[in-house]
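Grab a pencil and have a look at the structure below. Here are a few exercises to help you find your way around, each with a worked solution.

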Amino acid sequence: MSKRDLKKYLAELNKEQLEEQIIELYEKFSAVKVYYNFVFNPKEETLLQECKLKISNEYYPAKKPGRRSKPKMRRSVAQKYIKHFVLLGVDPFIIADVMLYNIEIAQTFSSENVIKQELFFKSMFNSFEQAVVFLIANGILNDFKTRILAIHNQTIKQKWHNEPEFNAVIERFEY
C-alpha cells in the first residue's frame, strides 16, 4: 500500500475507527508502543544515561562475584542505540553525544590496553566518519568540533595505524 492509498483509507475512517486502529497497533507492535511512550514521556536524559552505561559495559564490564568479566568491545551495541534514537526522533545533540561517547570510551580503553584486532580500529574509524557526517547533516558540527579534534588527537597520541584516515576526515571539514 502506498502512502497515498493509506491517506485515502484513513480519510474514510471516522474518529472512533481511527482510535481503534491506533490502539490495536499500540497493543500489537512493541515498536509502536515504544514510540508513543517516548512521544508522551521523552525522558531523553534517562535514555542517554542508560545508553552510556551499556556502552561503557562493553569495555569495562561490571564485575560479577566469582567470575572474571572480559570486555566485549562491540560497536554494534552503540549502533543499536543510535539507530533506535534516530527512529524515536531524539534530539540530534543527544545522538551526537552518544556517537562521540562510543569512540571516546573505546579510546580510553585502548589507552590502557593493547588491542591487536584490526577490526577494532576500522570500526572506530567507521564510527568517527559516521559521527562527522551526522554532525554536518544536522548543522551541529561546530558544537562538537572540540570533541572531534580530541578524538583525532588521541589517534595520534596512541599511534593508531589508521590515524591518516581520521586526519583525512578532519581535513575535509576544516577547509
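**Exercise 1.** Work out in what order the elements of the protein run from the N terminus on, and how spread out the protein is.

*Solution.* Keep in mind that this is a predicted model. Start at the N terminus and walk along: the elements go α-α-α-α-α-α-α-α-α. Tally them up and you get 9 helices and 0 strands. Next, take the radius of gyration, which is 21 Å, and set it against the 16 Å that the globule rule gives for 175 residues; the value is well over the rule, so the protein is more spread out than a compact globule. Finally, try a box along the principal axes: the C-alpha atoms fill roughly 65 × 55 × 25 Å.

**Exercise 2.** Find what share of the residues is buried, and what share of the contacts with a separation of 6 or more comes from residues 24 or more positions apart.

*Solution.* Residues under 20% relative accessible area count as buried, and 35% of the 175 residues of the protein do. Now for the contacts: among those with a separation of 6 or more, residues 24 or more positions apart account for 66%. As for the accessible surface, that's about 11,800 Å², with 55% of it belonging to carbon and sulfur atoms.

**Exercise 3.** Decide what kind of aromatic pair Tyr60 and Phe109 make, and which parts of the chain the pair ties together.

*Solution.* A search of the whole structure turns up 13 aromatic pairs. For Tyr60 and Phe109, the ring centres are 5.7 Å apart and the planes sit at 75°, so this pair is edge-to-face. Now place the two residues: Tyr60 is in the loop between helix H4 (44-59) and helix H5 (75-88), while Phe109 is in helix H6 (residues 92-112), so the pair ties together parts 49 residues apart in sequence. Then check their exposure: Tyr60 is partly exposed at a relative accessible area of 31%, whereas Phe109 is buried at 8%.

**Exercise 4.** Do the same for Phe125 and Phe166, then say which cluster the ring pairs make.

*Solution.* Phe125 and Phe166 are 5.4 Å apart centre to centre, with 75° between the planes, and that's an edge-to-face pair. Phe125 belongs to helix H7 (residues 118-137) and Phe166 to helix H9 (residues 163-174), so you're looking at a link between distant parts of the chain, 41 residues apart. Both Phe125 and Phe166 are buried. Last step: follow the ring pairs, and you'll find Phe120, Phe121, Phe125, Phe128, Trp160 and Phe166 linked into a cluster.

Conventions:
Residues are numbered from 1 along each chain as its sequence is written. This is a predicted model: local features need pLDDT of at least 70, side-chain atom pairs count only at pLDDT 80 or more; totals for chains, interfaces and linings use all residues. Side-chain values use heavy atoms; hydrogens and water are left out. Helices (H or I, at least four residues) and strands (E, at least two) are DSSP runs, numbered from the N terminus. The radius of gyration is taken over C-alpha atoms; the globule rule is 2.2 Å times the number of residues to the power 0.38. Buried means under 20% relative accessible area, exposed over 50%, partly exposed in between (1.4 Å probe, protein chains only). Contact means heavy atoms within 4.5 Å. Accessible areas come from the Shrake-Rupley method with a 1.4 Å probe; for residues, only the protein chains shown count as cover. Rings of Phe, Tyr and Trp (its six-membered ring) pair if their centres lie within 6.5 Å; planes under 30 degrees apart count as stacked, over 60 as edge-to-face and the rest as tilted.
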